[in-house]
Amino acid sequence: MRTNSGRRYVAAFIRVLGIALPVCLAVACRPSVPKLTDATVRELISCIPDHGMGPRHAFTEQYYSLLEESWAVPSDCPWGIGSEEWLLYFISGNGDLYDSVSVRSISQSADVATVRFDCIWNCCGTESHTLNLCYSDSCWVIENYDGTLEDMYDYISSRRAYFRSQEWDDYLENDEYIDAGMRAKAKRDVKDYFSRYPDDRPAR
């Protein structure tokens, strides 16, 4: 009896070990998330788009794909600057770069972080911003910035709907500033855009 009991205990221990050991190894091998440093935050702040796209490596795939499509949306004003103007001023006003940055707080929880910082102009005060980061593929990247992820989504959706509307067609035909050449180019640009981005984004 003692021998059989001992064998059962050993068999049970081996079964438990077979379950627990892979779990322990998986946890032990999981890459640790480093503490988000002030230097990393400042580097990412410098990557926020200003009159352009910004470097791909600094953003999540979702954010960058929205940024890329936002810049690809044709202008809704063939003779000037239209709704796309807001893309120019993600972090500066009217093209005036800030003089310095003050990082006010870094709040990290595992692989996500929220950063609050100020852009400072020596002449005219400060402008406060919020940066949402996540740790992906062994580096910290921008997940959102001042709600611009949602802004880009709404911008793309609204322009796609507008370019399919009768309102857009009427505007091209009746606006006094639009000549035949502008009208043809606008139609061609919209057609090329829908050819490049044929699918509407899912409702968020």
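This is a short exchange about helix packing and burial in a predicted model.

Trainee: What makes α3 oblique to α4?

Mentor: Start with the angle. Helix α3 (residues 61-72) and helix α4 (residues 148-163) pack at about 40 degrees. Roughly parallel needs an angle under 35 degrees, and roughly perpendicular runs from 65 to 115. The angle fits neither class, so α3 is oblique to α4. Their axes lie 10 Å apart.

Trainee: Which hand does the crossing of α3 and α4 have?

Mentor: Left-handed. On the α3 side, the contact uses Gln62, Tyr63, Leu66, Leu67, Glu69 and Ser70. On the α4 side, Thr148, Leu149, Met152, Tyr153, Tyr155, Ile156 and Arg160 take part. By class, the contact of α3 with α4 has eight nonpolar, three polar and two charged residues.

Trainee: Glutamate 69 lies in helix α3. Why is glutamate 69 called buried?

Mentor: Its relative accessible area is 3%. Buried means under 20%. Glutamate 69 is under that cut-off, so it counts as buried.

Trainee: What does glutamate 69 touch, not counting residues up to four places away in sequence?

Mentor: Ile156, Arg160, Tyr193, Tyr197 and Arg201.

Trainee: Which residues touch the most other members of the largest nonpolar core?

Mentor: Ile45, Ile48, Phe117, Leu131 and Leu133, out of 45 residues. α4 gives the most to this core, with seven residues.

Trainee: What is isoleucine 48 in contact with, leaving aside neighbours within four places in sequence?

Mentor: Phe90, Ile91, Phe117, Leu131, Ile142 and Tyr145.

Technical notes. Residues numbered from 1 in each chain as written. Predicted model: local features only at pLDDT ≥ 70, side-chain atom pairs only at ≥ 80, totals over all residues. Heavy atoms only, no water. Axes fitted to C-alpha atoms, helices over the stretch in contact; angles between N-to-C directions. Helix = DSSP H or I, 4+ residues; strand = E, 2+ residues; numbered from the N terminus. Parallel < 35°, antiparallel > 145°, perpendicular 65-115°, else oblique. Left-handed = near helix turned anticlockwise from the far one by under 90°. Contact = heavy atoms within 4.5 Å. Nonpolar A, V, L, I, M, F, W, Y, C, P; charged D, E, K, R; others polar. Core = buried A, V, L, I, M, F, W, Y, C linked by side-chain atoms within 4.5 Å. Buried < 20%, exposed > 50% of the residue type's maximum accessible area, 1.4 Å probe, protein only.
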